Amino acid sequence: MYQFPSTKTYGGFLFDMDGTILNSIAAAERVWGRWAMRQGLDLGTFLPTMHGKRGIDTITALNLPGIDPVVEAAEILRGEIEDVEGVVAIEGAADFLASLPPERWAIVTSAPMDLARARLAAAGLPQPRIMVTAEDVAVGKPHPQCYQLGLERLGVDATDAMVFEDVLAGVAAAEAAGTDITVITATHQHPVETAYPKLPHYGDVRVAVGAGGRLSIHSR
């Protein structure tokens with residue numbers, strides 16, 4: 001089990017959403033899988049590449065002939081908002097988030113706002129006071145803009161923040177933003193190789209809120 005240093009405190013936490021505080025893989029792959037089949041894509045090759053990124057970035061990168069990424073991304077978004085069956089919280093995430101002062105944490109997700117709200121509700125997770133979504137950035141992960149904006153909205157310096165992520169694109173974004181990073185492995189089917197601490201879920205850890213609202217993480 002990863003032991004968080006009890007002497008390390010933070011001014012704020014930033015969480016990716018999909019794969020980090022909730023599991024939406026089944027729902028996302030149903031919707032994206034139907035779209036990919038219509039485009040003649042190989043599902044085994046394509047589906048692992050679409051997690052953790054904005055839909056429009058995923059589609060644009062494919063460079064498919066005759067495809068308008070804006071139109072296609074909007075269609076996929078409608079499908080994802082309508083299909084939240086099987087979206088569930090990562091173990092311990094609800095209690096972990098509920099223990100945080102509302103002004104001390106944010107969600108930074110590649111999902112658009114409406115989809116983020118729908119998935120959080122389906123998973124029974126608290127709606128954050130501060131959220132950065134796909135609409136807020138000009139370029140998605142692995143660019144650090146999303147986490148830079150999250151830090152700005154939290155009012156926390158990068159060196160005083162912890163980011164929780166699950167995929168390499170998000171880890172790269174947080175790394176470039178200059179924060180500490182913890183990798184959540186609950187939904188990993190294959191090892192994600194990084195130099196950062198890994199946590200399987202939130203069930204074995206708790207948050208302590210100290211003087212001035214400083215946050216620290218401890219094993220239960």
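Author: In this predicted model, two helices are said to be in contact where their heavy atoms lie within 4.5 Å.

Reader: Which residues in H3 and H4 meet?

Author: On the H3 side they are Gly55, Ile56, Ile59 and Thr60, and these meet Pro69, Val70, Glu72, Ala73 and Ile76 in H4.

Reader: How do you know how the residues of this contact divide into nonpolar, polar and charged?

Author: The split is 6 nonpolar, 2 polar and 1 charged. Ile, Pro, Val and Ala count as nonpolar, and Glu counts as charged. Thr is polar, and so is Gly, because the polar class takes in the others, Gly among them. Gly55 and Thr60 are therefore the polar pair, and Glu72 is the charged residue.

Reader: What makes H3 oblique to H4?

Author: The angle at which H3 (residues 55-62) and H4 (residues 69-82) pack is about 135 degrees, and their axes are 9 Å apart. That angle makes H3 oblique to H4. Roughly antiparallel would need an angle over 145 degrees, and roughly perpendicular one of 65 to 115, so 135 falls to the rest, called oblique. The crossing of H3 past H4 is right-handed.

Reader: At what angle do H1 and H4 pack?

Author: H1 (residues 25-38) packs with H4 at about 145 degrees, and here the axes are 9 Å apart. H1 passes H4 in a right-handed crossing. H1 contributes Ala28, Val31, Trp32, Trp35 and Arg38 to the contact, while H4 contributes Glu72, Glu75, Ile76, Gly79 and Glu80.

Reader: What makes 4 residues of the contact of H1 with H4 charged?

Author: Glu and Arg count as charged, so Arg38, Glu72, Glu75 and Glu80 take that class. The contact also has 5 nonpolar residues and 1 polar.

Reader: Which residues line the largest cavity, and why is it called a cavity?

Author: Arg54, Thr109, Ser110, Thr133, Ala134, Val137, Gly140, Lys141 and Cys146 line it. The name cavity applies because a 1.4 Å probe fits there but cannot get out. Its volume is about 40 Å³, and the structure holds 1 cavity of 30 Å³ or more. Its lining divides into 3 nonpolar, 4 polar and 2 charged residues.

Reader: What is the volume of the largest pocket, and which residues are closest to its centre?

Author: The volume of the largest pocket is about 1,000 Å³. It is lined by 42 residues, and Met50, His51, Gly52, Lys53 and Val167 are the closest to its centre. H4 supplies the largest share of that lining, 6 residues. By class, the lining has 21 nonpolar, 12 polar and 9 charged residues.

Terms used. Residues are numbered from 1 along each chain as its sequence is written. This is a predicted model: local features need pLDDT of at least 70, side-chain atom pairs count only at pLDDT 80 or more; totals for chains, interfaces and linings use all residues. Side-chain values use heavy atoms; hydrogens and water are left out. Axes are lines fitted to C-alpha atoms, for helices over the stretch in contact, and angles run from 0 to 180 degrees between N-to-C directions. Helices (H or I, at least four residues) and strands (E, at least two) are DSSP runs, numbered from the N terminus. Angles under 35 degrees count as roughly parallel, over 145 as roughly antiparallel, 65 to 115 as roughly perpendicular and the rest as oblique. A crossing is left-handed if the near helix is turned anticlockwise from the far one by less than a right angle, and right-handed if clockwise. On a 1 Å grid over the protein atoms alone, a cavity is a set of points where a 1.4 Å probe fits but cannot get out, and a pocket is an open set with protein on both sides within 12 Å along at least five of seven lines; lining residues have an atom within 4 Å of a point. Grid points are joined across faces, edges and corners, and a volume is the space filled by probe spheres set on the points.
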